[in-house]
Every structure is written in structure tokens, then in C-alpha cells.
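Biologist: I have a structure in front of me and some questions about how it is held together. Can we go through it piece by piece?

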Amino acid sequence: MTTVARHKSPVSRQATATAPRARERVRPPGAPRRVGWLYVLPALVIYAGFLLWPLVRGAQFSLYDWDGLGPATWAGMSNYSRLLSDPVLRGAFWHLLVLILFYAVLPCIIAFVLVAAMSRTRIRGLTFFRTVLFLPQVVAMVAVAVAWQWMYSADGPINSVLRGLHALGLPDWSRGWLGDFTFALPAVGLVGTWVGIGLAMVLFLAGVQKIPRELYEAARIDGAGPVREFFTVTLPGLRRELAVALTLTTIMAIRNFDLIYMATSGGPGDSTKVPAYEVYNRTFNTGEVGLGCAIGVTLAVLAFLATAGIGRLVEGRDS
Amino acid sequence: MPTLTRRAAAAVAAALAALTTACAPGSETDRPQDKAPAAVNTDIAKAGNVTLTVWDQEVQGGQREQIEKLNAQFQAKYPNIKINRVSRSFTDLQKTLRLALSGDSPPDVVEANQGYASMAQFVKAGMLLPLDSYDQVYGWKKRYPKGLMDLNSVTKDGKLIGSGNLYGVSLNGEIVGLYYNKEKLSKLGIQPPKTWAEFEQALGTAKGKGEVPIAFGNLEKLPAMQLYGVIQDQNTDKEAVRKLVFGSGGAWTDAPNVAAAQKLADWSKQGYFTKDANAVKWDDTPVNFAKGQGVFMFGGTWWAPDLSEKMKDKVGFMLPPPAQAGAPSATMGGESLPWSITSKSKHPDVAAAYINFITSPEAMDVSVETGNLPVLAAPSKQPDATLLKEVSAAWAELSKNDGTTPYLDYATPTFADAFGGPLQELVAGKVTPQQAMEKAQADYTAFQAKK
């Protein structure tokens with residue numbers, strides 16, 4: 001209160017000029033004041049109530065053995081050690097690693113190829129292609145899952161095409177993709193790739209427009225081919241966009257629940273189980289709330305590490 | 001940077017403080033006390049204006065119709081009672097019920113599934129009301145065979161199903177039996193099998209003539225558990241299966257149980273199932289069967305109304321054929337989800353009267369009228385459609401011989417995954433029968449030790 005009053009009237013400020021002078025000089029004009037908390041209070045209350053508090057409670061639950069109904073018993077870190085000792089959960093984290101490849105790395109690579117091609121030639125109807133490629137990002141994941149479940153089904157379009165190829169003399173590659181122990185995980189992963197490409201591409205396209213044309217011309221005059229041009233001009237110019245795209249898609253992979261839930265429910269066997277699905281499964285289906293929360297907390301930490309790590313690696317420390 | 005670390009440290013400290021000071025999750029609720037039978041009020045018309053909240057899972061055609069009709073009749077009989085019906089699909093109800101029951105104002109009447117995954121856990125946590133005193137007033141145990149009442153009974157500590165107090169009453173019967181395509185059988189020149197050996201022979205013939213012998217979709221893992229259960233019932237004594245599922249003796253690795261897994265693996269290897277069965281949705285199985293994919297199909301009676309409508313007289317239903325012709329069959333099934341009263345309900349007497357009403361002999365007539373299989377013989381109605389008549393006859397025969405065995409997923413809360421997953425692997429030929437059964441046993445032993 002006193003600070004506000006002081007700033008309002010320069011007269012009173014002069015009156016009490018001697019003693020508080022030093023304190024006031026410490027704060028440069030425009031520096032944060034306590035009144036700032038008042039401005040963020042409404043948002044903060046909602047954020048704390050719906051995000052921070054559940055996070056803290058979740059962390060607390062993860063230290064208990066609790067079936068979600070009766071009284072809980074203290075479990076210490078045993079839920080966390082189960083993440084390492086339980087082969088199903090360990091497998092889930094391995095699957096997550098594979099999925100990050102499909103969800104984050106692959107879309108970025110494909111988007112790069114598309115953008116590199118576009119940066120060299122003028123394409124008619126670019127807006128149209130951009131919209132179409134971005135579309136999967138807009139559609140709800142549940143709808144995506146249902147559509148792909150049909151695509152992959154025994155009599156779905158993918159198998160029809162493969163059977164057509166078989167009729168032409170190729171080996172018969174048709175199978176029930178989502179029920180196949182080897183191919184279910186890559187099949188689900190490819191759906192993620194399909195969703196991720198659009199996002200990465202739109203980000204890269206925006207970035208490419210920012211790179212000065214002269215750089216490309218200079219590279220061409222120096223005799224750079226398309227590959228050289230990409231690595232010396234396009235890629236360095238897109239570092240920030242790459243970091244954003246990788247972060248977003250990696251986090252999408254880490255919290256990937258809806259697609260797995262709808263398409264395979266973790267099956268066949270345990271072959272498409274991912275940690276985010278197990279959070280739900282352990283909490284609601286099998287009544288291991290503590291374990292579910294432990295997985296959730298671990299995922300939150302992983303997401304945090306991934307975000308920080310990608311930022312450092314791709315963007316570089318000093319930028 | 002140092003400010004950031006300091007701030008992070010402060011945040012961690014605050015979080016730790018919150019963790020240690022906040023109370024532990026869950027709390028010991030007082031177990032509900034039994035009410036003396038004399039204190040039960042059966043005169044609902046004088047109960048004043050009451051809104052009864054009922055959560056059910058009767059969302060499919062005939063079942064929905066049945067409940068809507070019964071609710072309307074109940075409200076017509078007692079105009080002072082208003083029923084607030086909330087219905088969700090089976091799986092959705094399973095998931096939301098947990099949260100609803102642990103809240104402060106749960107619904108009055110709920111359909112809680114039998115087994116250690118649901119009812120036993122709810123009972124252990126003191127969330128359901130024991131119905132024994134109401135039973136003394138309304139005489140449910142006299143109405144129902146003992147086996148069916150046992151399915152809805154649990155000891156108060158939630159440790160043993162099949163004894164202890166009564167916690168629910170069911171409305172419809174259900175069994176997993178054998179559907180067959182009559183048209184295809186006659187084309188193949190086979191009679192409906194009377195023995196298990198004849199059935200296996202028929203499978204071979206069907207396969208030889210290019211038909212799919214058994215329509216089977218197993219994307220969800222649960223279907224393989226039902227199929228395994230049917231085979232298990234032909235391999236071992238029904239009493240052994242009951243004991244095993246309810247946790248009072250036996251092991252999943254016992255020889256007859258491994259032999260049943262072997263049979264399942266053999267059938268899969270011989271190509272007796274729909275191609276890529278692990279990739280086919282359960283709900284699509286009867287749809288494909290109705291389209292003519294599959295000579296036989298194992299499935300629950302809950303599919304009968306739909307199949308009857310789609311296939312008319314072309315489809316038949318029988319109990320899984322026994323080892324010897326004419327011998328009593330055994331198969332999985334029992335009764336639909338039991339209707340239970342929550343311990344926090346403010347109107348338990350009204351709730352009990354409602355449960356009594358929807359399980360009365362008149363309600364069984366409504367069940368038949370709406371194409372369902374009533375748990376008790378309906379006093380005056382008979383189904384019209386051929387298939388529904390066969391289903392009804394199969395149920396009557398099974399009840400007479402006391403041939404029902406419990407669903408296998410009652411065994412442990414995690415069994416659907418812990419056994420269903422290995423069975424998917426077994427169907428795909430990734431594990432041996434012995435390995436699959438060992439995985440089931442491991443989960444079973446872990447649960448028994450924890451219980």
C-alpha cells in the first residue's frame with residue numbers, strides 16, 4: 001500500500017525523501033511489484049485448484065497402496081520401484097520410446113523433406129495442401145483412432161490394397177494389423193506419424209519464409225545441390241521451429257492415451273501398452289490407484305525432462 | 001540460475017510439506033449395520049415423496065425396453081416415488097461406479113458386477129448394504145436357486161464370494177452357449193452335434209469345405225477368456241471350476257486347465273477361428289456371424305435378440321455339447337448384473353421395494369415380452385421366436401442341472417488383463433499352453449496372498 005501511495009504523489013515522496021531513497025533505487029521502474037499478484041490471482045487460483053493441487057495429491061497418492069475405495073496403506077517408494085521390476089510396466093516404457101520415434105522423429109523428417117521440396121519450387125495450390133496436411137491435427141484423436149481401426153481392419157482398405165498386390169504376384173502381406181504382435185505397435189505409431197506431419201510441416205513452412213532468399217541464391221551460386229543447400233541453409237534457419245515441433249510431438253507421444261485406448265486397449269497381449277494407458281488402466285480397471293499415480297508422476301517428470309532436453313539440444317544453449 | 005534453483009527447491013519443499021501434512025487417501029468408513037427385519041418399511045405408498053436414483057447398464061435394445069417398462073409400472077403403482085434413471089454401457093458403468101460410490105451422495109440403487117473386481121471390493125469398503133433382512137421380509141432366497149444367490153453373496157471382509165451376506169438380486173439370466181448356422185450345417189451335411197467329439201468333428205468338416213468353423217473376435221481379450229471357460233467346463237468338473245474362480249482351491253496350472261488351453265491353441269493352429277481373430281472386435285463377431293461368416297459361434301444369450309431378428313430361423317442355440325450324449329452340460333453364466341443398494345442411500349426401504357418389484361414374477365413376464373431371458377421362469381409368457389425359445393429351453397435345462405460356472409474374470413481384479421493377455425498370445429501361437437496358464441496362476445497367487 002505504501003508504495004502505491006508514494007508513487008501517486010510526488011509531494012509526499014519528497015517529504016519522506018531521505019530514508020527510503022536507497023530502497024527505492026534498488027527497484028528500476030516497471031519492475032514487478034506485489035500488486036502484480038492481484039492481476040494474476042484469478043488465473044492462479046484456477047491453475048492451482050485444477051492443476052497444481054491435483055498434481056500434489058497425485059504425488060501423494062503415489063506413495064500409498066490404495067484401491068480407490070477403502071483406507072490406504074503407506075507404501076513408500078514401492079510403487080516407483082515396481083515401475084522397474086514389473087515387466088509389463090517396463091515394457092510400456094519401451095513402447096513409449098518406440099512411439100516417440102514414430103510420433104516425433106519421423107514426422108519431423110518427413111516434414112523436412114516436404115518443406116525442402118517446397119522451398120525450391122513454387123507449388124500451385126499450396127494453401128490447399130497445407131490445409132489437407134494439417135487436417136489430422138484438428139480432428140479429435142478418438143475419431144482418428146476409429147477411422148484407422150477401420151483402415152487396418154481385416155477387410156479394410158490397407159489389406160485390400162495388399163491383397164491386390166498379392167494378386168499381381170507379390171507375397172501376401174495382408175494381416176490383422178492391430179491384432180498382430182509384431183505389427184500392432186508400428187501400426188499405431190504410423191497413425192501418430194500421420195497426425196504429426198501436418199503440425200511439423202506448418203511450423204517449418206512458416207520458418208522457411210523467414211529465411212532470406214539471398215541465402216539460397218548465394219548457396220546456389222556457390223554450387224550447392226539440394227542436399228547441401230538443405231543442411232547449410234534450411235536446417236540452421238529452422239532450429240527454433242524444429243525445437244517447437246519436436247517438443248510438441250514428443251509430449252503428444254508421452255501422453256498418448258486416446259489412440260491406444262480406442263484402437264487396441266494395449267493389446268494384443270501387452271504389446272501396445274504405453275504408460276499413459278497404464279495410468280488409466282491401473283487406476284480405474286484394476287484398482288491400483290497408487291501405482292497409477294506413480295506412473296503419472298513419472299510421465300510428468302519425463303515430459304519436463306524431454307521439454308528441457310530438446311530445447312537445449314536443438315535450440316542451443318545461448319540462443 | 002541460482003534464483004531458479006532456489007525457487008525449485010522451495011517448491012519441492014512445499015510439495016513435500018503438503019504430502020506429509022495432507023491426510024492419507026481413503027478413509028475407514030463404518031460398515032453398514034443390518035436392520036432388523038421388523039424395522040423394514042414395506043408400505044412404500046406412505047413413504048412420502050422420494051426420488052430414487054438408479055444407475056443401470058441396460059442400454060441395449062430389449063434390456064432398455066424392459067427397464068423402462070418396469071420403471072413406468074413401479075411409478076404408476078407408487079405415484080409418490082420418482083425414479084431418476086442413469087444408464088450407461090457395461091464398461092462405462094464399471095469405471096464410473098467406483099468414483100460414484102466413494103462420493104458422499106452415491107445413487108440409491110446400482111448394478112454392481114459380481115466378482116472380486118467389483119462387488120467384493122465395494123463390500124470390503126463398506127459401500128453396499130447387506131440385504132439379508134430385506135430378504136427375510138421379501139423372501140428372495142425362496143424365489144431363487146441357491147447357486148444364483150451365492151453369486152451375489154460376499155463375506156463382509158470381501159474375501160470370499162459365495163458365502164456371507166447377500167448384496168444384490170439379479171433380473172435376467174445369461175449363459176455362454178453355442179450358436180450355429182442351421183443353413184450352413186445342412187449344406188455341410190452335418191447334424192447339430194450331440195457330443196463334444198461330434199462337435200470337434202464338425203469343426204474339421206467345416207474347415208475342410210472352406211468354411212470358417214468358429215466365428216471368433218478377440219481384440220478385447222475377454223472373448224478368449226469366455227471361449228477358454230467353455231472348453232474348461234468340458235475338461236473338468238464344474239465344482240472344481242467354481243472353487244478355482246472363487247479362490248477356495250485348485251490352481252490354473254492343474255492338468256485339466258492346461259489341457260483346455262492346449263485345445264484352444266490347437267483350434268487356433270488348425271485355423272478353426274476367424275482369420276486374425278485378435279484383430280476382430282468382439283461386437284463385430286455376431287455381426288459377421290449373421291452375415292454368414294462362421295458355422296458356429298460361442299456367445300452369450302445377450303446376443304440372441306439381435307441374432308434372432310437378423311437371421312430368423314437360420315440360427316440355432318444349444319448348450320455346449322457334453323462329453324456323452326444326454327449327459328448334463330455345464331457352461332459359464334448365471335445371472336445379469338445384480339441390483340444393489342448403496343450403504344449411504346437415504347431411502348433403503350424404498351430401494352428394496354424397487355428391487356423386489358423388478359425381480360417379481362410379473363417382472364419376469366415383462367422380461368420375456370421384451371425379448372430377454374428372465375432369471376426365473378416367467379409365469380405366463382413364452383417367447384415367440386424360434387431362437388429365443390431354444391435359448392429359454394437351454395437356460396431351463398442348465399438351471400435344472402445346476403450347471404452354471406462363474407465367469408473367469410471374477411477371479412482377481414486384474415484377471416482380464418493377466419489371463420486375457422496370455423490367451424491372446426496363445427491364440428497367436430506366441431506362448432505354450434503351460435506358459436499361458438502359469439501367467440494366470442502368478443496373478444492368481446499374488447491376489448490370494450494380498451487378499
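**Salt bridges, cores and the interface**

Modeller: Start with one pair: the side chains of E239(B) and R242(B) meet in a salt bridge, 3.2 Å from N to O. Keep in mind that this is a predicted model.

Biologist: Why are E239(B) and R242(B) separated by about one helical turn?

Modeller: An α-helix has 3.6 residues a turn, so residues three or four places apart point the same way. E239(B) and R242(B) both sit in helix α11 (residues 238–246) of chain B. They are about one helical turn apart because their spacing in sequence is 3 residues.

Biologist: Is R242(B) buried or exposed?

Modeller: Its partner E239(B) is partly exposed, at 37% relative accessible area. Buried means under 20%. R242(B) has 15% relative accessibility, so R242(B) counts as buried.

Biologist: How many salt bridges does a search of the whole structure find?

Modeller: Side chains of opposite charge can pair when their charged atoms come close. One network of such bridges links R82(A), D86(A), E278(A), R282(A) and E288(A). Over all chains, the search finds 26 salt bridges.

Biologist: Which residue meets K69(B) in a salt bridge, and how far apart in sequence are the two?

Modeller: The partner is E369(B), with N and O 2.8 Å apart. K69(B) is partly exposed at 34% relative accessibility, and E369(B) is partly exposed at 39%. K69(B) belongs to helix α2 of chain B and E369(B) to helix α16 of chain B. So the pair links distant parts of the chain, E369(B) and K69(B) being 300 residues apart.

Biologist: What covers the buried residues of α16(B)?

Modeller: Helix α16 of chain B spans residues 361–369. Its buried residues are A363(B), M364(B), D365(B), V366(B), S367(B) and V368(B). Just after the helix, G371(B) takes a positive phi of about 80°. The cover over the buried residues includes α2 (61–77) and α15 of chain B.

Biologist: Which helix of chain B gives the most to the largest nonpolar core?

Modeller: In soluble globular proteins, nonpolar side chains tend to be buried together. The largest nonpolar core here has 133 residues, and Y179(B), W252(B), W267(B) and F419(B) have the most contacts inside it. With 8 residues, the top contributor is helix α15 (residues 348–358) of chain B.

Biologist: How many residues does the second, separate core have?

Modeller: Among its members are F93(A), A263(A), Y280(A) and L299(A). This separate core has 65 residues.

Biologist: What area is buried between chain A and chain B?

Modeller: The size of an interface is often given as the accessible area lost when the parts come together. Here 37 residues of chain A are in contact with 32 residues of chain B. L69(A), F181(A) and F284(A) supply 24% of the area that chain A buries there, more than any other three residues. Carbon and sulfur atoms give 59% of the total, which is about 2800 Å².

Biologist: Which residues meet in the salt bridge between the chains?

Modeller: The rule finds 7 residue pairs in polar contact across the interface. The salt bridge count between the chains is 1. Its N to O distance is 2.5 Å, and the side chains are those of K273(A) and D417(B).

Biologist: D417(B) also forms a salt bridge within chain B. Which parts of chain B does that pair tie together?

Modeller: The partner is K221(B), the closest N and O atoms being 3.0 Å apart. K221(B) and D417(B) are both buried. The two places are 196 residues apart in sequence, so the pair ties together the loop between α9 (196–208) and α10 (222–235) and helix α18 (residues 415–418).

Biologist: Which helix gives the most to the side of chain A that touches chain B?

Modeller: By class, that side has 16 nonpolar, 16 polar and 5 charged residues. The helices α4 (35–61), α14 (258–263) and α15 (275–285) of chain A each supply at least two residues. The most, 5 residues, comes from α4(A).

Biologist: Last one. Is N288(B) buried or exposed?

Modeller: N288(B) is found in helix α13 (residues 284–290) of chain B. Beyond its neighbours within four places in sequence, N288(B) is in contact with V280(B) and Q293(B). At a relative accessible area of 17%, N288(B) is buried.

Methods: Residues are numbered from 1 along each chain as its sequence is written. Chains are lettered from A and ligands numbered from 1 in the order in which they are written. This is a predicted model: local features need pLDDT of at least 70, side-chain atom pairs count only at pLDDT 80 or more; totals for chains, interfaces and linings use all residues. Side-chain values use heavy atoms; hydrogens and water are left out. Contact means heavy atoms within 4.5 Å. Buried area is the accessible area (1.4 Å probe) that two parts lose on being put together, summed over both. A salt bridge is a side-chain nitrogen of Lys or Arg within 4 Å of a carboxyl oxygen of Asp or Glu. A polar contact is a pair of N or O atoms within 3.5 Å; within protein, one must be able to donate a hydrogen and the other to accept it, and residues adjacent in sequence count only if both atoms are side-chain atoms. Helices (H or I, at least four residues) and strands (E, at least two) are DSSP runs, numbered from the N terminus. Ala, Val, Leu, Ile, Met, Phe, Trp, Tyr, Cys and Pro count as nonpolar, Asp, Glu, Lys and Arg as charged, and the others, Gly among them, as polar. Buried means under 20% relative accessible area, exposed over 50%, partly exposed in between (1.4 Å probe, protein chains only). A nonpolar core is a set of buried Ala, Val, Leu, Ile, Met, Phe, Trp, Tyr and Cys residues joined through side-chain atoms within 4.5 Å.
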